[in-house]
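Here's a short tour of one protein model. Keep the 3D view open and follow along, one spot at a time.

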Amino acid sequence: MNKEQYQHIFVMLREGINSPDSVEWCTWKYMKQDIDVMIANGMMDYVHEQMQDFYNEYLWGNIESYNAWNFIDFVAHKDDYFGEWATGKIDLMALTEAWIERGDSRTLLSLLTRLGQTGYETDWQELRTLLDEKLRRMEVEGTRNGMKETGYFYCLLHAFTMIMMSERSVEDKIQLLEQFSQQWAFLRTVYSVMVRRIVGLNYTNFAQLAQYVVGGQQDFDPFLHLCHAPLKERFEELVELGTKRESLTRALDKIEKRMNNTQQSPDLDVLCEVLFPEEFCNMLNMHRLPSYQELESEIDRIRMELDSTQETMNRQAKEMATQLSAALNASVPIDVIEQRLLIFPSTTALSVYMPLNTMLQVNAVWQAHSEGILQKILAKQQQELQLSMNITAQPGSNVNGIVQQQMNNGILPNKQIA
């Protein structure tokens with residue numbers, strides 16, 4: 001294709017930058033269409049060459065015309081050489097500070113993401129060292145420089161740096177960058193706890209931040225564990241920084257209650273472990289609550305065990321009752337049957353007595369003595385309960401309030417029948 005026939009695009013772009021109202025909105029639309037045609041026909045190298053001067057102005061926010069900026073942004077997101085071109089030319093710390101001055105974090109996040117997607121490289125370890133110092137100073141000095149919010153921007157750059165320096169494939173890094181961009185509204189709450197300074201939100205303490213996490217948006221609910229773990233780990237530190245202990249405790253209780261009723265998603269776990277590799281995985285393991293499914297599964301397991309145990313006990317009690325019934329019908333003395341029953345703990349004796357009483361409804365000997373045998377079992381139960389209370393009430397033991405009150409008042413507990 002003839003390059004000259006598309007030269008007018010870049011002439012019009014310069015005119016649109018210098019005189020924002022000189023290019024009609026429909027012209028910008030047709031120019032984008034022409035770019036698509038050029039790329040489809042193998043002219044990406046030519047487009048990239050023509051756009052380099054414009055990229056400089058675009059990256060540093062020196063374009064006042066929205067239509068012109070939007071057009072360059074459109075091309076940059078199609079230019080696979082964009083990041084490689086910026087390598088060695090663009091200092092990311094200086095770029096971040098330029099966008100701090102403009103107060104536009106959203107554009108910075110978009111620019112960083114596109115640079116990462118298209119091969120930008122720098123000394124990531126050196127940049128991380130600078131950023132770690134910035135984040136440490138934020139805890140003491142705050143997140144503002146005069147009237148400018150800075151913490152928000154430095155956390156964005158920190159996240160970008162940690163993703164880019166991770167030992168992951170290019171495809172995985174691109175996926176993590178996109179995930180971070182999509183979930184930044186939630187992740188800034190995690191960053192706030194990790195750097196011990198609230199960033200990007202107008203709250204004055206971490207109890208308010210925790211309340212926002214649990215009451216702000218339902219989109220946060222599947223990821224509450226990612227904020228819960230560092231809040232629990234740094235609880236005392238956050239209290240020392242001025243958050244009221246009681247308020248933070250109440251907010252954490254709300255988070256835990258919501259977590260117990262909401263299936264937690266692992267979708268952001270890997271990203272958070274990339275952002276905070278030295279500590280986040282340990283925090284998650286240390287302060288992990290059982291998942292919703294795990295709680296349900298455990299409840300089902302316990303219920304099945306109890307049902308099985310109860311079924312076994314009922315079967316054994318019925319077998320024992322059958323044997324005693326047969327013995328009495330075979331003229332074994334009633335006092336022997338009574339002795340057999342009273343050998344057992346009262347609860348077991350009662351569980352045998354009930355079916356035995358049903359089996360021997362027509363046995364005259366049993367009917368003459370059954371009430372007396374029941375009263376002896378109940379008396380034994382009362383003795384067992386009193387003995388248990390006496391042992392529990394020893395100095396230093398933890399006594400149930402109601403039982404202790406009954407003992408103090410000289411009142412014996414009601415008879416218990418299983």
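## A cavity inside

Keep in mind that this is a predicted model. So what does a search for cavities turn up? Looking through the whole structure gives one cavity of 30 Å³ or more. The volume of the largest cavity comes out at about 30 Å³.

Which residues line the largest cavity? They're Leu109, Leu112, Thr113, Phe160, Leu177 and Phe180. Helix H7 (105-117) and helix H10 (170-195) each chip in at least two residues of that lining, and H7 gives the largest share, with three residues. Sorted by character, the lining of the largest cavity has five nonpolar residues, one polar and no charged.

## Thr262, in a loop

Now scroll along to Thr262. You'll find Thr262 in the loop that runs between helix H14 (245-260) and helix H15 (269-275). Is Thr262 buried or exposed? Thr262 counts as buried because its relative accessible area is 17%, and the cut-off for buried is under 20%.

Thr262 also has a partner to look for: a polar atom of its side chain sits 2.9 Å from the backbone oxygen of Arg258.

## Gln316, in a helix

Last stop: Gln316, which belongs to helix H17 (residues 292-329). With a relative accessible area of 46%, Gln316 is partly exposed; that label fits because the value falls between the 20% and 50% cut-offs.

Try finding Thr348 as well. In sequence, Gln316 and Thr348 are 32 residues apart, while in space they're 9.9 Å apart, going from C-alpha to C-alpha.

Notes:
Residues are numbered from 1 along each chain as its sequence is written. This is a predicted model: local features need pLDDT of at least 70, side-chain atom pairs count only at pLDDT 80 or more; totals for chains, interfaces and linings use all residues. Side-chain values use heavy atoms; hydrogens and water are left out. Helices (H or I, at least four residues) and strands (E, at least two) are DSSP runs, numbered from the N terminus. Buried means under 20% relative accessible area, exposed over 50%, partly exposed in between (1.4 Å probe, protein chains only). A polar contact is a pair of N or O atoms within 3.5 Å; within protein, one must be able to donate a hydrogen and the other to accept it, and residues adjacent in sequence count only if both atoms are side-chain atoms. On a 1 Å grid over the protein atoms alone, a cavity is a set of points where a 1.4 Å probe fits but cannot get out, and a pocket is an open set with protein on both sides within 12 Å along at least five of seven lines; lining residues have an atom within 4 Å of a point. Grid points are joined across faces, edges and corners, and a volume is the space filled by probe spheres set on the points. Ala, Val, Leu, Ile, Met, Phe, Trp, Tyr, Cys and Pro count as nonpolar, Asp, Glu, Lys and Arg as charged, and the others, Gly among them, as polar.
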